[in-house]
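User: I would like to understand how the terms used for a protein structure are justified. Could you take me through some of them?

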Amino acid sequence: MIPGRTLRQAIVVARKELKDSCRDRRALWSIVFSVVVGPILVGIMVNRLADRQRDADVLRIPIVGTSRAPALVHWLNQQSGVSVVEAPADAEKAVRDRREAVIVVVPDDFADRFRASRPAPLQVVADSSRTDVQPSVQRVRDLLQQYGAEIGSLRLIMRGVSPAAMQPIALEQIEVSTAQQRAAQILTFIPMFIMVAGFVGGMQIATDSTAGERERGSLEPLLVNPAPRVALVAGKWMAAALAAIVSVCLTTLLCAVLTRMLTLEDIGLRLQIGVEHLGPILLAVAPLCLFTAALQAAVATLARSFKEAQTYMGVLILAPMLPGILSALYPLGKAPWMSAVPMLGPYVLLTDIIGGQPPNAAAFAASAATCLAASALLIRLTTGLFRSERIIFGR
Amino acid sequence: MLSITNARKRFGTVTAVDGVSFVARDGAITGLLGPNGAGKTTTLRMLYAVLRPDSGEIRVDDVDAVTAPQEAQAKLGVLPDGFGLYPRLTAREHLDYFGALQGIEPGRLASRTEELIDLLDMRGIADRRTAGFSHGERTKVALARTLVHEPQNVLLDEPTNGLDVMSTRAVRAIVRRLRDEGRCVLFSSHVMQEVSALCDSIVVIAFGRVVAQGTPDELRRQTGHDTLEDAFVALAGLDGEARE
């Protein structure tokens, strides 16, 4: 058989499968849904995070008993982005009812003890089970401690002691990650959603054109055509992979639009997916799409029924999520061998691309090579299955 | 021309076809007659090269279908048991798909499609999706798809099964026309009237073996029965069951 003819036949099959699945409304909507929902969820989550961070920037501190500590109130009001307000009488109830995130209580004996240079009590009323207000609570505590430290230094100076004696250690944290990387860490789900979009995008065609075709009884007439089995398998695979790549483009574009809409710079997150990223992202994920489509077609062909194939897909979808989940649980680090692991390679590439650190050509090549080699193996396997009488006619 | 010589096929412990031999000639309608489960479909599947015989020889014209299945398939038009249409494609798209797989160039395919639409009286349904088609309409689409590449040899597995009178007549007309064009038509059925009305030659198959072959008259003479139905029952070894 001339390879040119085989390729033409494969393209005929691919075109038919794409046309067929475009008319499958329900399948189409399920793809659109899964492609769209991920990025939108991330967008909402990140937006809320950013809102909260901005809220913490202008800090309102309700204080009970402002008149008992006028110097403290004055000092707090002078700090940038801080304003002191009078707190409701029952501080604990107000916090418990979530009317206030945090309330500072100045007890009656504050002024006396302060004047006598004895530790003056201040109460911070907060609900530590509310994670959303923790940044505000932390800032209030930091401010109060800073005030205490300043007063302490002044008292030491008045007694002729250098405040440096109170600081045996000068702690300094040096941040090495770029803002872009920190953002990528927060948004580790974006690579995951892109990979899942690739998986879901190809799934329908891969199962419908193999397990589904057999169940409809249309496989037998197809096999009577004088086309080598590899042309049929390759055609179905090409159609599934193409749908996967289209889904990846959709998700990426959606992420690009969303990250542009969310202005994250003001909270120290620099994350932009622009048109210039689309090329590298596709270069990283397209080989993965070829691989997952080949994997789906092989598994669906092995399945006894369409239903069984769908069940397997539900399990397989964990594979593209695994690197994302693992890296959230414990840092994966970075090693050259990672590029050569089918699911991990593209994930590492994506994280770097989105994190603003373009990976080198070798990493791209290693990832693509493993994906392509695995695809070739799987297509050979599926072609073999298409020759098996037990597979063609069911068991 | 189709010839099958001493073909055997086992599935696990079941012997589906146990040494079948016959020839279907060009310009003739050959009927493969047998009760359900006799091995008709397995025999046809070996002829159209989706099943490989365990032993025996199968030739399509001058091509060995066992060693060169695709070359043999290029000379065949096949209507398998159960039509296997795509519900989301139109009738015309079915012809486009299989015509393209057969390698017919687009211009020729377009005119051939029109020809078949007229021949099978499918004008009204040509551009509708097959999802809601009646049994008769589905048969027409499947038959048109079988003939799109003008095959010299046509294999039809129970084509008239479950069809109404008008559709059955239409199928018979097509089958006769194919014979008159000099093609080799092999079709299977378990319905006596079907075979006697249409076939020039009959191969009776039962329990995976050919139990008789010849013209309808020859079969009647061979068994000493007046009607073909009695002859069939006697040949298929069903008379014991029929008497009970």
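Analyst: The questions below take several terms in turn and set them against their definitions. Please keep in mind that this is a predicted model.

User: Why is helix 11 of chain A called oblique to helix 12 of chain A?

Analyst: Helix 11 (residues 275–302) of chain A packs against helix 12 (residues 306–316) of chain A at an angle of about 140 degrees. Angles over 145 degrees count as roughly antiparallel, and 65 to 115 as roughly perpendicular. The angle of about 140 degrees belongs to neither range, nor is it under 35 degrees, the limit for roughly parallel; therefore helix 11 of chain A is oblique to helix 12 of chain A.

User: What is the handedness of the crossing of these two helices, and how far apart are their axes?

Analyst: The crossing of helix 11 and helix 12 of chain A is right-handed, and their axes are 9 Å apart.

User: What makes the contact between helix 11 and helix 12 of chain A, and how do its residues divide?

Analyst: Helix 11 of chain A contributes L295(A), Q296(A), V299(A) and A300(A), while helix 12 of chain A contributes A309(A), Y312(A), M313(A) and L316(A). Of these residues, seven are nonpolar, one is polar and none is charged. Leu, Val, Ala, Tyr and Met count as nonpolar, so Q296(A) is the polar residue.

User: How do you know that strand 1 and strand 3 of chain A pair?

Analyst: Pairing requires at least two bridges. Strand 1 (residues 59–64) and strand 3 (residues 102–105) of chain A have two bridges, in the parallel sense, so the requirement is met. One of the residues involved is I63(A), whose bridge partner in strand 3 of chain A is V104(A).

User: What joins strand 3 of chain A to strand 4 of chain A?

Analyst: Four bridges join strand 3 to strand 4 (residues 123–126) of chain A, and these strands run antiparallel. For I103(A), the bridge partner in strand 4 of chain A is V125(A).

User: How many residues of chain A and chain B are in contact?

Analyst: In chain A, 21 residues are in contact with 21 residues of chain B. Helix 1 of chain A gives the largest share of the chain A side, five residues. That side divides into nine nonpolar, four polar and eight charged residues.

User: Where are the domains of chain B, and how far apart are their centres?

Analyst: The domain assignment gives domain 1 (2–75 + 153–243) and domain 2 (84–150) of chain B. Their C-alpha centres lie 25 Å apart. Eight residues of domain 1 of chain B are in contact with five residues of domain 2 of chain B.

Technical notes. Residues numbered from 1 in each chain as written. Chains lettered and ligands numbered in written order. Predicted model: local features only at pLDDT ≥ 70, side-chain atom pairs only at ≥ 80, totals over all residues. Contact = placed C-beta atoms within 7 Å. Axes fitted to C-alpha atoms, helices over the stretch in contact; angles between N-to-C directions. Left-handed = near helix turned anticlockwise from the far one by under 90°. Domains from an automatic or database assignment.
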